[in-house]
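Thanks for coming. I'll take a few minutes on how the parts of this model meet, so please bring it up on your screens.

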Amino acid sequence: MGNIKDEAAQWLDGTAANITFIVTKDCQLACKYCYLVGKNDKERMSFLTAKKAIDYILTSSLFFGRQKSVILDFIGGEPLLEVELIDKICDYFKLQTYIRGHKWFDAYRINLTTNGLNYHTKKVRKFIEKNITHLSITITIDGNEIKHDLNRVYKNSGKGSYKNVLKNIPLWLKDFKDIGTKVTISSADIPYIKESVLHLFSLGIHHLYTNCVFEDVWKEGDDKLFEEQLSELADIIIDNEYYKDFTCSFFSENIGKPLDPILENQNWCGAGKMLAVDAAGMFYPCTRFAGYSLREKKPIIIGNVRDGIDKNKLRPFLTLDRTTQSPQKCLDCEVASGCAWCQGENYDAAETNTIYQRATAICLMHKARVRANNYYWNKLYRKLELEGQREEFEKNKRKVKPVDC
Amino acid sequence: MTRKLVGQVTPDEKNEIQSLFERRNGLNELAKVLTADNAELYEKLVKDMGETGTKFQNWWDTMARKYNWESSPNGNWEINFDTCEIFLNAE
Amino acid sequence: MLQYLVILLDDTSISFCHYSVNKKERNLISLDHLRKGIRFGMVENLMIQFVYPDYTLPQEYLDVIDTIDHSSIKPFAALDSGTDIVVIDDWECDATKLKDSVLVLRTNWKQFYENHSKLKGLLNVVQRLNVVITDLERMNDCDRENYKAVLEAMCKDIEALYVDGKSPQFNLLTDRMILTEMNNCNAGDTTITLAPNGKFYICPAFYYNDENDNVGDIENGLVIKNKQLYKLDYAPICRKCDAWQCRRCTWLNRKTTLEVNTPSHEQCVAAHLERNASRDLMLSLRSKGTFLPDKEEIKELTYLDPFEIATRWK
């Protein structure tokens, strides 16, 4: 028998600890839907701050005592602007977990999402090669050229970034087999959803994690247009049998059902179960609570690399449930399942300084998605039944993970 | 290259090889960071790599004997950590 | 539903709770605001509680106050026959003047440990004693052990008073035995505060902490946003808790956890030490004879902070 190979598993089903390093607040782009209102080129994390954060996290049982595995997330701005720093941080993590005999040496992943512009550079290639067995990189490409360039524009020229991102897609797909990308929908790009999804499939991206922005950007009629786009997309995916090789999280079987107030009372968002650290060494329950992410509110700082985490500041996050933060219309909603929220946006949009007021700007868009989704599954299952293919499909279908932010 | 399902292991057995797989990958990537300057740590790493490699191979040997999986002269087995299934890849 | 209106008569009105009065200059509420505050209380059917400073108010103020049935919260220095609740933060006061009073004793941890032996004497004199720990949120492991020991010692004192045929009322130990549900400060839900500047606040602490943190004013009315968060049903930890005597201080909640509906670890632990001591006291009194036969036994718990099992509730 020759080489023995193992397939990588889905990473522990979301039970891992998640630590996000906000390595820079700078980015080449100024995407129109970006929630990072305070981006700048001044706040770059120092290696010393990152080291202190790792030292604290590896010795603290308060926050991460129970999780068997960890995901190191690197975020910006554009994280690959700081790939050398990220590389040093990862090396330090590996070394320290090994020296300390920490359980996470055997159970870590490195994640980052990039705009893809620097993906081909030598520094980035070297980093990928060095960390390939633990690394996952997602390049954000938002769809076809029109849709991508509608939002994802250079900060200085205002020109679209599509062509420069596209150049790096083949290299990325070669590095990361079976990877997906995240597609974000805001009001202006609804007319291009169908073409965009099909375009991304044609590039060889098999899995699309799609979501509407949580901010209150929606205009009258957007929901109708959204439903039309998704329904047309459903027809094309089914008629051309793309469902056999591709997934698009717009279409998910488990959405659009009422939720039990007791048995299905979990919070959607993981804020408070993860930890973000910024250049100043401040800890946040998620990056969305850092100052540069907030339009209206002060940041929620839950500690720092010197003093550690203030456990009292975590209590509201860890006891937050669906019903306590939801308005009555959400509790009564008959298509509630799959309707997402972002705790940071809830906080930013709330009438008082609380995380306990759920923002509902996404309501009509969710309902439109549910209608199109129902159409998709009814049509698909009828086709499969008529062709005698349903059992086979059920057996092989891939789980689509929900995208929350 | 053909791929054929040839067997399945128990979840406990899968956990054992997954843990060794993770450790082997971690050690391999740490080896790119560590230099011989740090003699004590370097020696520990080399020893760990040897031991983990041996345990890794032992697992496959033991399981192959236990389950008597189909094999092929130039093929290799692989495991799906999600399903505990064993596949034979052969030319 | 609102039931009580607290009116701070002056910026230097005595604190009767956890907060400190950080304003040193006298600043009496205007007569206009006072009249409007009283009218607000009347039309909303609220019981009014006036909080006094340590000096005598002008006669025209006393006349206006007298136009409505009310309670008076006064510092020891202003104690008179019209006082309903007297507040002290000095353990050296003359206890003979406190006979049959409802007394609020404000103290920090350190003073509490040093002076707790005086509590039995006070309980012999007063009708009711409320002890407020002013640095509750700074409780450390050492305080935790000390507090537990003091409460245990106090149980013996209270027991002796009961055996003597008395019925002492002491918030830290006897309230839990009598209560059948949560009985907390309820600021923002059943109680609201009018400050000398004519603005409404969730409680006096919010006024002293930040004057801009108001919830409306006497001219334009009360506007409490996210009002539901002040209700017990919207407090994920507290709504399942049975430390019913807990102060559940809204202001301390926000100060320590940034949310008005979430108590700190320290608040929960202190309340559970009191609850558990109340349990021991109740069991001990019942071993001596019939005691509160209509009340259920307080159950034994394995935790001091219900947050520890909060995820199980979800």
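Between chain A and chain B there are 10 residue pairs in polar contact, counting those where both residues are at pLDDT 80 or more. That threshold matters here, as what you are looking at is a predicted model.

On the chain A side, four elements each supply at least two residues to the face that touches chain B: β1 (5–6), α3 (83–99), β4 (108–114) and α4 (122–131). Which of them gives the most? That is α3(A), with five residues. Sorted by class, this side of chain A has 12 nonpolar residues, nine charged and six polar.

Now the contact as a whole. 27 residues of chain A are in contact with 34 residues of chain B. The size of an interface is often given as the accessible area lost when the parts come together. For chain A and chain B that area is about 2,600 Å², and carbon and sulfur atoms give 55% of it. There are two salt bridges between the chains. One to find on your screen joins the side chains of R109(A) and E22(B), at 2.7 Å from N to O.

Next, a boundary inside chain A. The domain assignment splits chain A into domain 1, covering 14–143 + 152–176 + 269–319, and domain 2, covering 178–267 + 322–405. Their C-alpha centres lie 26 Å apart.

How many residues of each domain are in contact with the other? In chain A, 30 residues of domain 1 are in contact with 30 of domain 2. Together the two domains of chain A bury about 2,500 Å², with 57% of that on carbon and sulfur atoms. Within domain 1, the residues that lose the most area to domain 2 are Y33(A), C269(A) and K297(A), which together make up 27% of what that side buries.

For polar links across this domain interface in chain A, the rule finds four salt bridges. A salt bridge to look up in chain A is between the side chains of E345(A) and R288(A), at 2.8 Å from N to O. The count of residue pairs in polar contact between the two domains of chain A is 17, again with both at pLDDT 80 or more.

On the domain 1 side, the elements giving two or more residues are β5 (135–139), α6 (162–166), α7 (169–175) and α10 (311–319) of chain A. Here β5(A) gives the most, with four residues. The residues of that side divide into 18 nonpolar, six polar and six charged.

That's what I have; I'll take questions now.

Technical notes
Residues numbered from 1 in each chain as written. Chains lettered and ligands numbered in written order. Predicted model: local features only at pLDDT ≥ 70, side-chain atom pairs only at ≥ 80, totals over all residues. Heavy atoms only, no water. Contact = heavy atoms within 4.5 Å. Buried area = accessible area lost by both parts, 1.4 Å probe. Polar contact = N/O pair within 3.5 Å; in protein donor to acceptor, adjacent residues only side chain to side chain. Nonpolar A, V, L, I, M, F, W, Y, C, P; charged D, E, K, R; others polar. Domains from an automatic or database assignment.
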